[in-house]
Amino acid sequence: EGLFPKDPDSDRQSLIYRKVLFGGCGGIMAGLITYPNDTVRRMLQLQGSKGTTAVYEGYFDCAKQIYSRYGIRRFYNGVTVNIIRMA
């Protein structure tokens, strides 16, 4: 009732938009949470390759060395491009 009659399709369409919005937000959060792990994995894969001198004894040693040398920001270096790629 009122000025604008209720459209039954509007509820269905808003539900779809909400699912897309919340799914996108969940994907971004998952990317932000797992990105530091990807950084450590990449550094471990690159050790010993041409142009690198870093040597790591394992996962936790790699994470510790990255944090002590570069700080927390190094774990998220390049995350913006990764999030844009996910979108």
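This report describes the fold, the second helix, the nonpolar core and some side-chain details of a predicted model.

## Overall makeup

The protein contains three helices and zero strands. Read from the N terminus, its elements follow the order α-α-α. Of the 87 residues in the protein, 20% are buried.

The exposed surface of the protein comes to about 7200 Å², and carbon and sulfur atoms supply 62% of that area. Among contacts with a separation of 6 or more, 43% are between residues 24 or more positions apart.

## Helix α2

Helix α2 covers residues 59-70, twelve residues in all. From its first C-alpha to its last, α2 reaches 16 Å, close to the 16 Å expected at 1.5 Å a residue. After the helix comes G71, which has a positive phi, near 90°.

The buried residues of α2 are D61, C62, A63, Q65 and I66. Two of these names, C62 and Q65, return below with their contacts.

## The nonpolar core

The largest nonpolar core has eight residues: V40, M43, A54, Y56, C62, A63, I66 and F75. Helices α1 (8-46) and α2 each supply at least two residues of this core. The largest share, three residues, comes from α2.

C62 is one of the core residues. Once neighbours within four places in sequence are left aside, C62 is in contact with V40, M43, L44 and Y56. Of these partners, V40, M43 and Y56 are also listed in the core.

## Q65 and T52

Q65 is placed in helix α2. Is this residue buried or exposed? Q65 has a relative accessible area of 16%, and because buried means under 20%, Q65 counts as buried. Not counting residues up to four places away in sequence, Q65 touches V55 and Y56. Y56 is also in contact with C62, and Y56 belongs to the largest nonpolar core.

T52 sits in the loop between α1 and α2. Its relative accessible area is 33%, so T52 is partly exposed. With residues up to four places away in sequence not counted, T52 touches L46 and Q47. L46 is within the range given for α1, 8-46.

## Aromatic rings

How many aromatic pairs does the count come to? The count comes to one aromatic pair. This pair is formed by Y59 and F60, whose ring centres are 5.3 Å apart. The planes of the two rings stand at 85°, and planes over 60 degrees apart count as edge-to-face, so the pair of Y59 and F60 is edge-to-face.

The two partners have their own accessibility values. Y59, at 34% relative accessibility, counts as partly exposed. F60, at 69% relative accessibility, counts as exposed, because the cut-off for exposed is over 50%.

Another ring has a charged side chain over it. R74 lies over the face of Y70, at 6.0 Å from the ring centre. Y70 falls in the range of α2, residues 59-70, and G71 follows that helix.

Notes: Residues are numbered from 1 along each chain as its sequence is written. This is a predicted model: local features need pLDDT of at least 70, side-chain atom pairs count only at pLDDT 80 or more; totals for chains, interfaces and linings use all residues. Side-chain values use heavy atoms; hydrogens and water are left out. Helices (H or I, at least four residues) and strands (E, at least two) are DSSP runs, numbered from the N terminus. The expected span of a helix is 1.5 Å times one less than its number of residues. Buried means under 20% relative accessible area, exposed over 50%, partly exposed in between (1.4 Å probe, protein chains only). Contact means heavy atoms within 4.5 Å. Accessible areas come from the Shrake-Rupley method with a 1.4 Å probe; for residues, only the protein chains shown count as cover. A nonpolar core is a set of buried Ala, Val, Leu, Ile, Met, Phe, Trp, Tyr and Cys residues joined through side-chain atoms within 4.5 Å. Rings of Phe, Tyr and Trp (its six-membered ring) pair if their centres lie within 6.5 Å; planes under 30 degrees apart count as stacked, over 60 as edge-to-face and the rest as tilted. A charge sits over a ring if NZ of Lys or CZ of Arg is within 6 Å of the ring centre and within 35 degrees of the ring normal.
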